[in-house]
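Please load the model in your viewer and show it as a cartoon, with side chains hidden for now. The tour below goes through helix packing, one pair at a time.

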Amino acid sequence: MKTIDNELLELHNKQQLRHVRNDYEHLGEQLARRNIDIDVVRQQTATFGVAIPSWGVGTGGTRFARFPGPGEPRHVFDKLQDCGVIQQLTRCTPTVSLHIPWDRCSDWSELRGAASEQGLAFDAMNSNTFSDQPGQAHSYKYGSLSHTDAATRMQAVAHNLECIEIGQALGSKALTVWVGDGSNFPGQQHFRRAFDRYLDSARQIYAALPNDWRMFLEHKICEPAFYSTVIQDWGSSFVAASALGSKAQCLVDLGHHAPSVNIELIVARLIAAGKLAGFHFNDSKYGDDDLDAGSVSPYRLFLVFNELVAAAHEGVAFDPAYMLDQSHNVTDPIESLMTSAQQCQRSYAQALLVDRAALDAAQQANDALAATHLLKTAFQTDVTPLLQQVRLDAGAAIDPVAVYRASAYRARMASARPAVVGGGGGIV
Ligand SMILES: [Mn+2]
């Protein structure tokens, strides 16, 4: 089912076609002077895909309030439809990452069918043991996988096992585990014992992983626990992933670090250790703001991709999963997600433009200025025409937001989807 009229899309593309051709040709000339074949970069960029978080298509909100927008998805089928729009217009978001129980439904094979109708597949499953569900026997108020009470830990493990089962029915290949476990007061929690309890629970989840699955451990410096968290940083995550085994890896959510932390360096360390699971892309100014990817610090996003492209260039075998994880408070979530997916794609394309041989030479010669200039040259290249051409090739919109707005999809959904209370969302 096409939710945006293809004729509208083609009409928009036709109006800009000549400009895109000219701009692409001009960029090609510029890159050729730097010995870069634009067509090679275009083909590589076309392979980029980032997963849409199902919880991202609804308005997120903050801990203070949530201001719902019109036509919000009411259930997982509506969410898939919105994800289908994003994929139709951008063609760089081929998968969806689900969150259980927010996305619970009665027929998983029906959901899988609905996804493939939209040209979508399922990325990593996300479990939720950071909030209580109605009717739940044991509360997660004082933790889940690391709780002092064995029955509560068992319940949290069982939930994760169910997420794996659901994921298997959907064709997913990974489980992302983030826990809100931690403490708010010095002395509240025995750090080592809490970590041991977490590991014991995580081992039971790990043992249930199918052979071709991976377990992504997501660390977070604080929130909801503000004094300590059980998986606080990449070090704790790395220790846990190492203890679990080769299928356990560390997931980097860009917003889950202290503001001045060098995230690209963490990425490099995890790649070197064979423990990089992938990413939750977003941006932040103060903490886990979950702002749109690259909206505040596009250079940092580029520097992360620079590490990924460098490792691939050097033949490192790794397979990072790319996911967005954002909370949209003041924008139309579909517009934000389309923009963020393109921003990630842009950072990837820019990182492909780095002159690796020259950078190696500058680093070897300790020529700091030349080295940093090489990165800046790639970052400052306006790859817009290249991205437009990639979308054109894939049958996507040259300008996804413009086509989306012209389609009046949101207004149509506002009447097709009466507002409901709840819907699920939040910062994770
Ligand atoms: Mn996250």
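Select α9 and α10: α9 passes α10 in a right-handed crossing. This is a predicted model. In the selection box, α9 is residues 298-313 and α10 is residues 333-352. The two axes lie 8 Å apart, and the packing angle is about 55 degrees. That angle is between 35 and 65 degrees, the range counted as oblique, so α9 and α10 are oblique to each other.

Next, show side chains on the α9 side of this contact: Pro298, Leu301, Phe302, Phe305, Asn306, Leu308 and Val309. Facing them from α10, add Gln343, Ser347, Tyr348, Gln350, Ala351 and Leu352. Colour the set by class, and the contact of α9 with α10 shows nine nonpolar residues, four polar ones and no charged ones.

Now keep α10, hide α9, and select α14, residues 400-407. The axes of α10 and α14 come within 10 Å and cross at roughly 160 degrees. Angles over 145 degrees count as roughly antiparallel, so α10 is roughly antiparallel to α14. The crossing of α10 and α14 is right-handed.

For the side chains of this second contact, pick Ile334, Glu335, Met338 and Thr339 on α10. On α14, pick Pro400, Val401 and Tyr404. How do the residues of the contact of α10 with α14 divide into nonpolar, polar and charged? Five are nonpolar, one is polar and one is charged.

Key:
Residues are numbered from 1 along each chain as its sequence is written. This is a predicted model: local features need pLDDT of at least 70, side-chain atom pairs count only at pLDDT 80 or more; totals for chains, interfaces and linings use all residues. Axes are lines fitted to C-alpha atoms, for helices over the stretch in contact, and angles run from 0 to 180 degrees between N-to-C directions. Helices (H or I, at least four residues) and strands (E, at least two) are DSSP runs, numbered from the N terminus. Angles under 35 degrees count as roughly parallel, over 145 as roughly antiparallel, 65 to 115 as roughly perpendicular and the rest as oblique. A crossing is left-handed if the near helix is turned anticlockwise from the far one by less than a right angle, and right-handed if clockwise. Two residues are in contact if their C-beta atoms, placed from the backbone, lie within 7 Å. Ala, Val, Leu, Ile, Met, Phe, Trp, Tyr, Cys and Pro count as nonpolar, Asp, Glu, Lys and Arg as charged, and the others, Gly among them, as polar.
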